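Got your viewer open? Take this tour one selection at a time, and turn the view as you go.

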Amino acid sequence: MDPQSVRGFLSAEEGETLARLARVYASRGALVEIGAYCGRSTLYLGQAARDLGALVFSVDHHRGSEEHQPGQEWHDPELWDDVAGAVDTLTPFRRAIRAAELEDVVVAMVGRSAAIGKAWGRPVGLLFLDGGHALKTALEDWRAWAGHIAPGGLLAIHDVFPNPSQGGRPPFEVHQLALASGLFSPCGALGALHWLERVG
Ligand code: SAH
Ligand code: MG
């Protein structure tokens, strides 16, 4: 199943790059994604993981980011749950995972990413960071998750725009923090996807 047939924001080139990285870094620890939306990036990761016999842990509260809320730039009325009175991406996410035959590969963790990060307890081989882009949320994710990345593991950040005219700053600022920490060295970039390897 083509992940691009699922609603989402990752380009095909970014997705294929993410899948390639997952194949390399799965041997170093768990594959974790922060920010699934309707499952597009999850499918890229899941298809790579299935071939390796690995799992993908996919974290999202499935209530949408700021920009997905009513009246905001990326609001999609088809993702509105009238009963909850809230955005719901969990239903389309589960449909996509099922349609792609990845129910045995993808483990959905539904909740606030920073809270899950604080409770998480095993080395991460690849952390795909694509959750909330508000500065507070991005920093909370960085604090809660960066320390779980195994030495030799990878931090892949989406929506890194070095030029502010192209997009919001928080993912870029987290990228800068990762570099300044001395714990990560830059490995590559494609589109708005930048990846860094944990040193040591
Ligand atoms: N990776 C997806 C896009 C993710 S969009 C793709 O490939 O298209 C960002 C997602 O982060 C949204 O689904 C939103 O619900 C989630 N999110 C935002 N803040 C969050 C938080 N604090 N905890 C958990 N999920 C969050
Ligand atoms: Mg993104």
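**Stop 1: the largest pocket**

Keep in mind that you're looking at a predicted model. Start with the largest pocket, which has a volume of about 900 Å³. To find its centre, select Ser-65, Glu-67, His-68, Gly-131 and His-133, the residues that lie nearest to it among the 44 that line the pocket. Now colour that lining by class: you should get 12 nonpolar, 19 polar and 13 charged residues.

Which element gives the most to this lining? It's α5, with four residues. Switch on the cartoon and look also for α2, β2 (56-60), α4 (113-119) and α6, each of which supplies at least two lining residues.

**Stop 2: the magnesium ion**

Next, click on the magnesium ion (ligand 2). What coordinates it? Show Asp-130, His-158 and Asp-159 as sticks: the Asp residues use OD atoms and His-158 uses ND1, at 2.1 to 2.2 Å. Along the sequence, these donors follow the spacing D-x27-H-D. Are His-158 and Asp-159 buried or exposed? Both are buried.

**Stop 3: two cavities**

Time to look for enclosed space. There are two cavities of 30 Å³ or more, and the largest holds about 80 Å³. Two of the magnesium donors turn up again here: Asp-130 and His-158 are part of the lining of this cavity. Select the rest of it too: Leu-129, Gly-131, Gly-132, His-133, Ala-138, Asp-141, Ile-157, Pro-171 and Val-174. The elements giving two or more residues to it are α5 (135-145) and α6 (170-180). By class, the lining has five nonpolar, four polar and two charged residues.

Now hop over to the second largest cavity, with about 30 Å³ of space. Pick out Tyr-37, His-68, Trp-74, His-75, Asp-76, Leu-79 and Val-87, which line it. Four of these residues are nonpolar, two are polar and one is charged.

**Stop 4: the nonpolar cores**

Last, go for the greasy bits. The largest nonpolar core has 33 residues, and Leu-18, Leu-31, Leu-43, Leu-45, Leu-102, Leu-126 and Phe-128 have the most contacts inside it. In the cartoon, follow α1 (12-25), α2 (40-52), α3 (90-99), β6 (124-129), β7 (149-157) and β9 (193-198), since each supplies at least two residues of this core.

Zoom in on Leu-45. What does it touch beyond its neighbours within four places in sequence? Its contacts are Leu-18, Ala-22, Glu-33, Val-56, Leu-126 and Phe-128.

Apart from the largest core lies another one, of 26 residues. To end the tour, select some of its members, including Ile-34, Leu-127, Ala-144 and Val-160.

Note on methods:
Residues are numbered from 1 along each chain as its sequence is written. Chains are lettered from A and ligands numbered from 1 in the order in which they are written. This is a predicted model: local features need pLDDT of at least 70, side-chain atom pairs count only at pLDDT 80 or more; totals for chains, interfaces and linings use all residues. Side-chain values use heavy atoms; hydrogens and water are left out. Donors are N, O and S atoms within 2.8 Å of the metal (3.2 Å for Na, K and Ca); water is not among the atoms, so sites may look incomplete. Buried means under 20% relative accessible area, exposed over 50%, partly exposed in between (1.4 Å probe, protein chains only). A nonpolar core is a set of buried Ala, Val, Leu, Ile, Met, Phe, Trp, Tyr and Cys residues joined through side-chain atoms within 4.5 Å. Contact means heavy atoms within 4.5 Å. On a 1 Å grid over the protein atoms alone, a cavity is a set of points where a 1.4 Å probe fits but cannot get out, and a pocket is an open set with protein on both sides within 12 Å along at least five of seven lines; lining residues have an atom within 4 Å of a point. Grid points are joined across faces, edges and corners, and a volume is the space filled by probe spheres set on the points. Ala, Val, Leu, Ile, Met, Phe, Trp, Tyr, Cys and Pro count as nonpolar, Asp, Glu, Lys and Arg as charged, and the others, Gly among them, as polar.
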